[in-house]
Amino acid sequence: MPTQSIETPDDIVIEISNVWKIFGDKADEALHAIREDGLSKSQVLDTYNAVVGVADVSLSVKRGEIFCVMGLSGSGKSTLVRHLNRLLEPTSGKIMIDGTDVMALNPKELQKFRNLKIGMVFQNFALLPHRSVLDNVAMPLEIRSMNKNERIRLATKMLKTVELGAWGNKYAHELSGGMQQRVGLARALAADPEVLLMDEPFSALDPLIRRQLQDEFIKLSAVMKKTTLFITHDLDEAVRIGDRIAIMRDGRIIQTGTAEDIVMNPADDYVADFVAGISRLKIVRAHAVMQPLSEYQVSNGLPPQDAPRVQEDESLSQLIRLAIDVEMPIIVHRNGVDIGVVTRRDILQVVVEGTEVS
Ligand SMILES: Nc1ncnc2c1ncn2[C@@H]1O[C@H](COP(=O)(O)OP(=O)(O)OP(=O)(O)O)[C@@H](O)[C@H]1O
Ligand SMILES: [Mg+2]
């Protein structure tokens, strides 16, 4: 691969640093004015006839992590993801993928980088309708000039992985939307890329199929461990799929964290409104509900010796089940050391906070 490798910590695969993308002829002037005078997105449009697509975004994705970027339509998600394989050039900022400075690649290196390092899945399937399903999956391997037998072997294996083993000889347009999206995923994975970019891959599908594909993707990811940037406008989807989530608004990231971080400590009213409808039962863990052991002891003394004990990452739903069965506080431990206590009051408090939607 290219020679411009610059050292990044081993476990960070995608590193986006202060990326700005402003569309328009006066993008540089507009960026200057934003930095100097703090112009808003609408002021930039009025004054410079320029559109702020991405505003000062920084994020890093660890090896094997699924990182979700969530935001409403027009918030800049697609613009951001298109920078990673340099379909767009930033107005300012830097993007490193697996030690490669993406902006520093020459055209030949860029082509190689896209073929070898990146797999992409879009919302609108983007399959070639008059090629067989198998040929669609094998396409990235063909681009790599892999010999025919080998690429058919790999593509067949990948189709089996997405449970479409029997469909290889059909034309892509003969498949349903959900099946086509699985073919798209198989195609992205066939070349065994380092990084998977997914821009609203399931958004066009009806809710039931969508949920099914989310589950399949979660299972597949657990096996393949691909570093994934997953774009969605659906917070439920982000919560189900993402190890971490960044919330975008008007081109900016306004909060990054685990689902639990975001649900328990929304950065502002905008995020709070979003998370209000999200069930806390599977997201919130014992360590976020508990009182520290020392605090509990001050007013209650030691918890009973035979009280139930859970790990600090036990889910709220499991805590509720325990509290139904046993009339005792629940002890929370980390690596065998008691660190906190969860009472029924603590549980009820968290549940009621999560259901008080304004
Ligand atoms: N090629 C372009 N030229 C001018 N403006 C653009 C261009 N591409 C995107 N934009 C603008 O950048 C902003 C972000 O658009 P983007 O497509 O990234 O949003 P998105 O979050 O992906 O939305 P959606 O959920 O609808 O896909 C919008 O204001 C859009 O109008
Ligand atoms: Mg988009």
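**Entry 1: a loop residue.** I began with E163, which sits in the loop between α6 and α7. This is a predicted model, so I kept that in mind while reading backbone angles. Phi of E163 comes out near 60°, a positive value in a residue other than glycine. I looked that up because most residues other than glycine have a negative phi. Is E163 buried or exposed? E163 counts as exposed, because just 12 other C-beta atoms lie within 10 Å and the cut-off for exposed is 12 or fewer.

**Entry 2: another positive phi.** I then went to D98, in the loop between β4 (92–97) and β5 (100–101). D98 is not a glycine either, yet its phi is positive, at about 50°. I find 19 other C-beta atoms within 10 Å of D98, so this residue is partly exposed; buried would take 20 or more.

**Entry 3: the helices flanking the E163 loop.** Back to α6 and α7. I noted the residue ranges: 148–161 for helix α6 and 177–190 for helix α7. How do they pack? Their axes are 9 Å apart and make an angle of about 135°. That makes α6 oblique to α7, because the angle falls short of the 145 degrees above which I would call the pair roughly antiparallel. The crossing of α6 past α7 is right-handed. Who makes the contact? From α6 I listed L154, A155, M158, L159 and T161, and from α7 A186, L189 and A190. Sorted by class, I get seven nonpolar residues, one polar and no charged ones in this contact.

**Entry 4: a four-stranded sheet.** Next I traced an open sheet of four strands, ordered β11-β14-β13-β12, with mixed pairing. Which strands are at the edges? They are β11 (291–292) and β12 (309–311), each paired on one side only. I followed β12 to its partner β13 (residues 330–334): the two run parallel and share three bridges. Within that pair, V310 stands opposite V332 in β13.

**Entry 5: the chain overall.** Last, I stepped back to the whole chain. I count 15 helices and 14 strands. The C-alpha trace spans about 70 × 60 × 40 Å along its principal axes. Of the 358 residues, 39% are buried. I also checked contacts between residues at least 6 apart in sequence: 70% of them join residues at least 24 apart.

Conventions: Residues are numbered from 1 along each chain as its sequence is written. Chains are lettered from A and ligands numbered from 1 in the order in which they are written. This is a predicted model: local features need pLDDT of at least 70, side-chain atom pairs count only at pLDDT 80 or more; totals for chains, interfaces and linings use all residues. Two strands pair if DSSP finds at least two bridges between them. Axes are lines fitted to C-alpha atoms, for helices over the stretch in contact, and angles run from 0 to 180 degrees between N-to-C directions. Angles under 35 degrees count as roughly parallel, over 145 as roughly antiparallel, 65 to 115 as roughly perpendicular and the rest as oblique. A crossing is left-handed if the near helix is turned anticlockwise from the far one by less than a right angle, and right-handed if clockwise. Two residues are in contact if their C-beta atoms, placed from the backbone, lie within 7 Å. Ala, Val, Leu, Ile, Met, Phe, Trp, Tyr, Cys and Pro count as nonpolar, Asp, Glu, Lys and Arg as charged, and the others, Gly among them, as polar.
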